[in-house]
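Visitor: I am new to this structure and would like a close look at a single part of it. Could you take me through one helix with care, and then set that helix within the whole chain?

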Amino acid sequence: MAEFSFSDLEKIIRERARSGDPDSWTAKLFARGMDKAAQKLGEEAVETVIAAVRSDKQALVSESADLIYHWLVVLGIAEVSLSDVLKELEGRTRRSGIAEKATRQDKLDREDKLARQDKATRQDRG
């Protein structure tokens, strides 16, 4: 039997999203939009954390599956492919975790500084 992959799941989600099947949870999530899908993703993330903290391996496996499914639904609604995420991860693995995180923090710091400057400029004009 061939191994099941995230790519397989992504494809199934894409197909079911377009199906219009009233019995498809995936189709319903896509129809309800990002707010509902993101809410479900958040709920599953919390349930996954609880299972991990409780050292409940069976629940951790089950909740992780739910988390991955809802994460891929959110990506699908946002039209972000799994390959886009994997490319980002691949780029990050070329640097140490500390150096990579510092790069992201520097970017956030620059964006924050620009936002503060923009706000100050608008207040000066206002």
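Guide: A word on terms comes before the helix itself: two residues are in contact when heavy atoms of theirs lie within 4.5 Å, and a residue is called buried when its relative accessible area is under 20%. Please keep in mind throughout that this is a predicted model.

The part to look at is helix H5, which covers residues 82-93. H5 is made of 12 residues and spans 17 Å from its first C-alpha to its last, which is close to the 16 Å expected at 1.5 Å a residue. Within H5, the buried residues are Leu82, Val85 and Gly91, and the buried residues of this helix pack against two others, namely helix H1 (6-19) and H4. A general point helps in reading such a pattern: an α-helix has 3.6 residues a turn, so residues three or four places apart point the same way.

Just before this helix comes the loop that joins H4 to H5, and Glu79 lies in that loop. Glu79 is not a glycine, yet its phi is positive, at about 60 degrees. With a relative accessible area of 73%, Glu79 is exposed.

A second loop, the one between helix H3 (34-53) and helix H4 (57-77), holds Ser55. Ser55 too is a residue other than glycine with a positive phi, here near 55 degrees, and its relative accessibility of 61% places Ser55 among the exposed residues.

Stepping back to the whole chain, the secondary structure consists of six helices and zero strands, so that H5 belongs to a run that reads α-α-α-α-α-α from the N terminus on. The radius of gyration of the chain is 19 Å, whereas a compact globule of 126 residues would have one near 14 Å, and along the principal axes the C-alpha atoms fill a box of roughly 60 × 35 × 30 Å. Of the 126 residues, 21% count as buried, and Leu82, Val85 and Gly91 of H5 are buried residues of this kind. When contacts between residues at least 6 apart in sequence are considered, 51% of them join residues at least 24 apart.

As for the surface, the chain exposes about 9,600 Å², of which carbon and sulfur atoms supply 54%. The side chains include 23 positive and 24 negative ones, and the centres of these two sets lie 4 Å apart.

Notes. Residues numbered from 1 in each chain as written. Predicted model: local features only at pLDDT ≥ 70, side-chain atom pairs only at ≥ 80, totals over all residues. Heavy atoms only, no water. Helix = DSSP H or I, 4+ residues; strand = E, 2+ residues; numbered from the N terminus. Rg over C-alpha atoms; globule rule 2.2 N^0.38 Å. Buried < 20%, exposed > 50% of the residue type's maximum accessible area, 1.4 Å probe, protein only. Areas by Shrake-Rupley, 256 points an atom, 1.4 Å probe, with all protein chains shown as cover. Lys, Arg positive; Asp, Glu negative; His and termini not counted. Charge placed at Lys NZ, Arg CZ, Asp CG, Glu CD. Expected span 1.5 Å × (residues − 1).
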